[in-house]
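Student: I should like to learn how the descriptive terms for a protein model are justified. Could we proceed term by term?

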Amino acid sequence: MSFRSTLKNGLTKTGFSARFARPLAVGISLVLAIILGLYSPEGPVEQLLHNARDSINSKPASGRVHIVEIDAKSLAALDKWPWSRGYHAQLVDELDKAGVAQIVFDVDFSSYSTRDGDQEFAAAIERADGKVVLPTFRQPQSTGEIHADLENLPIPILREKAFLGSVNVRPDADGQVNDYPFGTITESIPRPSIGALLGDASGPVNKEFKIDQSIEMSSIPRHSFVDVLQGRVDARELKGKKAVIGATAIEIGDRYATARFGVIPGVVVQAMAAETLIAGTDLPELGPWPMLALTFIAVLFAIHWTDRRNTTGVVPSLLIAVTILVVPLIAERYSLAHLDVTPALLLLAGSMAAQYVIGITKQISLERRIDRATGLPNLAAWQERMDCKGNHNVIVAEIANFGEIVATLDRAESKKLVRAVADRLELSSGPGELHRIGRERFCWRTETMDSDAVDSTIEASASLFNTAIPVSGRSVRATLCFGVATGDIRDAEGLANQAILAAKRASELGKRLVWHNDRLAQVTDQSLFILSEFEEALMTGQISVVYQPKYSLIDDFVNGAEALVRWEHPDKGMVSPSLFVPVLEHENLMEALTLFVLRQVVEDVERWNSVRNPMGCAVNISASLLANPAFAKRAVAIIRDSGIDPALLTIELTETAALSSQEMAASSLNQFKQLGAHLSIDDYGTGQSTLTYLKSFSADEIKIDQSFVKLIATDNANKIMVRSSIEMAHALGMKVVAEGVEDIAALNVLREFGCDTIQGWYVGKPVTRDEFMQRWCLNLFDTSGGTSAPDWVRQSRTG
């Protein structure tokens, strides 16, 4: 199994997102859906979906109900509205003569008209012999604090021979008419609605059904009142049909808003209600609960399905969405029930949103744990290892020459190189184990605790890099160093850090492998202590400069000193320069220390020379600083701004120092030379320098290392080396300083060989600036052999 698949499984099984976030989101969505179903079952979204289903299920009207409309044409042809009821009488006679089965009026006859007109209409109703239905309705009325319903019935003379039908229509809260009642009570008598009468259906009074707006309103036959009145409508069209008479002219009013068809006349609403009953589509209203329950079960199943298959929930969610939309459509097409779906959609939307967010979160989490260049798990993945426990060996492989290699490659080529290194290491680490934990570092674990077996594994890994790596037509040779740490893998990060330190140490020592141990840990702790407290030590005076005197054998007096650094920690006591200087050099922090020393030196040299001149001083400069032109400029500025004679300063460069660029170092040193300072090659004899090395930097002196000076009186080889060095330096116009002089015998030999200057404990130990001032500048000894001269001076003169 690939790392990516393994990590996905791990996130699914153990991550908060998979275990808690999605069920929590589904639960919250369910609560919101239930609230929506209880308090707002038919909002705009629901109505929009109803309209969409009605459009898809569109069908024509039955043709059994005809509308006789009081339209603008009729108003123009007949008298001004309201008409004489004689016109209604004539209409009843014409419809009855045409063989209409039922004549239903949606016109208010609750007030008296003319006596003749009322009597004429009443007579026509009687002649129709029970075919005529007149409207009755209830409407709310408020008078002061009294609220009551007003009942409207046709006048007595009209309703004696007519059947009364309710025309009450109740708009929804949004002002739209979507539901229609089976009947209404007026005068304490249940009255069927005219829609129920036209549709030959019955139901409980005040029970409502949803008007089927899938019936195309335009398919309901319509005839102008005046056309029927004047015999312009073929009687055959009307025979056996039911006619409903009502106003469609805008100026009369009586209009209602509907969801699908917009604002339509009240008589059309009545006809649509009748057609709904005729079509048998007055379906049960099941509300949102069936679809909500179905969706909830489907969502739970989808979560279980996606978790088991470690996949996204997009496809199941889309299937559920299609189901939510299609099931109500089918239920209405086959006249089963009306189903509301908005709460179900809300539940699904919440679940999908949670799925999307969790998916994105998981993907981000996955990508955060993958190294893009190699596709390997990275440091974050290593830090979160939870798939094993117990003691293991952790191996870190570091490309020791990575910086040099990538300096010659572009970005794409660097990726190819790293991928090739990873491919070779995977042969040793095993599938799924190798991690890239840094730019040039790889890490893996091994369960075997046999050190010989680990050594063999690393030898095998290293042997894979004996051949060069082809990169874009070039052969690149990668040098790998390895570090190993042993411990409980639950501290994966700590073990990796230990192995990294061991690999760094191997790189520094030029070894292939270093095992982490207590000694290496101690060195590391010291380095961390130095790095963490150095800056504060420099600012708080813990670091100071001391001076070891240098004695001129030519002039027989102390003519200068070497500046040395001391660090006295308040808790740890004296910290040796041999500990902190290498760490600072390795971490590129020597500039701050060197500039600090240089500032102190120029200040002290100025004081010394105010009472004793000349009194010079030597300052050590790390080779790592010479590759930085900015350092040379800062150092030269300090010397120049001090006002002292630059010739009193000597810059000491260690002969064994590793120079990253000899040309850059020569350029930096030349700035000091041009200023007037001297250059000394320190620790001469311990490195690999040659005459060319000395001449490259135009050195003014060499400083013979103390390892040759201490035994010069008894070791013939040391004598030869020191004598030849002094003779060579003098031949080149250089002076010679010998360090490490600890007895009179060594001093006498050096005097015999013509050495220019000596320093060491026999001359004097390093002292503070004030002690140096008191002893070597103010208390001058007599160069002629007076009593103030130290004993070793007189002894060296007399031999």
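Tutor: Let us begin with one pair: the side chains of Asp-234 and Arg-236 meet in a salt bridge, at 2.9 Å from N to O. Please note that this is a predicted model, in which local features need pLDDT of at least 70 and side-chain atom pairs count only at pLDDT 80 or more, whereas totals for chains, interfaces and linings use all residues. Residues are numbered from 1 along each chain as its sequence is written, and side-chain values use heavy atoms, with hydrogens and water left out.

Student: What makes the contact of Asp-234 and Arg-236 a salt bridge?

Tutor: The term requires a side-chain nitrogen of Lys or Arg within 4 Å of a carboxyl oxygen of Asp or Glu. The N to O distance for Asp-234 and Arg-236 is 2.9 Å, so the pair satisfies the rule of 4 Å. By this rule the count comes to 37 salt bridges.

Student: Why is Arg-236 called exposed?

Tutor: Buried means under 20% relative accessible area, exposed over 50%, and partly exposed in between (1.4 Å probe, protein chains only). Arg-236 has 69% relative accessibility and therefore counts as exposed. Its partner Asp-234 has 30%, so Asp-234 is partly exposed.

Student: Which parts of the chain does the salt bridge of Asp-371 and Arg-436 link?

Tutor: The side chains of Asp-371 and Arg-436 meet at 3.2 Å, N to O. This pair links distant parts of the chain, 65 residues apart: Asp-371 is in the loop between α14 (342-368) and α15 (379-383), and Arg-436 is in strand β17 (residues 435-438). Helices (H or I, at least four residues) and strands (E, at least two) are DSSP runs, numbered from the N terminus.

Student: Are Asp-371 and Arg-436 buried or exposed?

Tutor: Asp-371 has 14% relative accessibility, so Asp-371 counts as buried. Arg-436, at 11%, therefore counts as buried too.

Student: Why is Ser-166 called buried?

Tutor: Ser-166 has 1% relative accessibility, so the residue counts as buried. Ser-166 is found in strand β5 (residues 163-166). Leaving aside neighbours within four places in sequence, Ser-166 is in contact (heavy atoms within 4.5 Å) with residues including Thr-136, Tyr-180 and Arg-191.

Student: What makes a set of residues a nonpolar core?

Tutor: A nonpolar core is a set of buried Ala, Val, Leu, Ile, Met, Phe, Trp, Tyr and Cys residues joined through side-chain atoms within 4.5 Å. Of the 80 residues in the largest nonpolar core, Leu-593, Trp-608, Leu-750, Ile-758 and Phe-772 touch the most other members. Helix α22 (residues 590-609) gives the most to this core, with nine residues. A second, separate core of 38 residues includes Val-68 and Leu-153. In soluble globular proteins, nonpolar side chains tend to be buried together.

Student: How do you know that helix α11 reaches close to its expected span?

Tutor: The expected span is 1.5 Å times one less than the number of residues in the helix. Helix α11 (residues 266-279) has 14 residues and reaches 20 Å from its first C-alpha to its last, close to the 20 Å expected.

Student: Why is α11 described as mostly covered?

Tutor: Of the 14 residues in α11, 13 are buried. Just after α11, Gly-280 takes a positive phi of about 70°.
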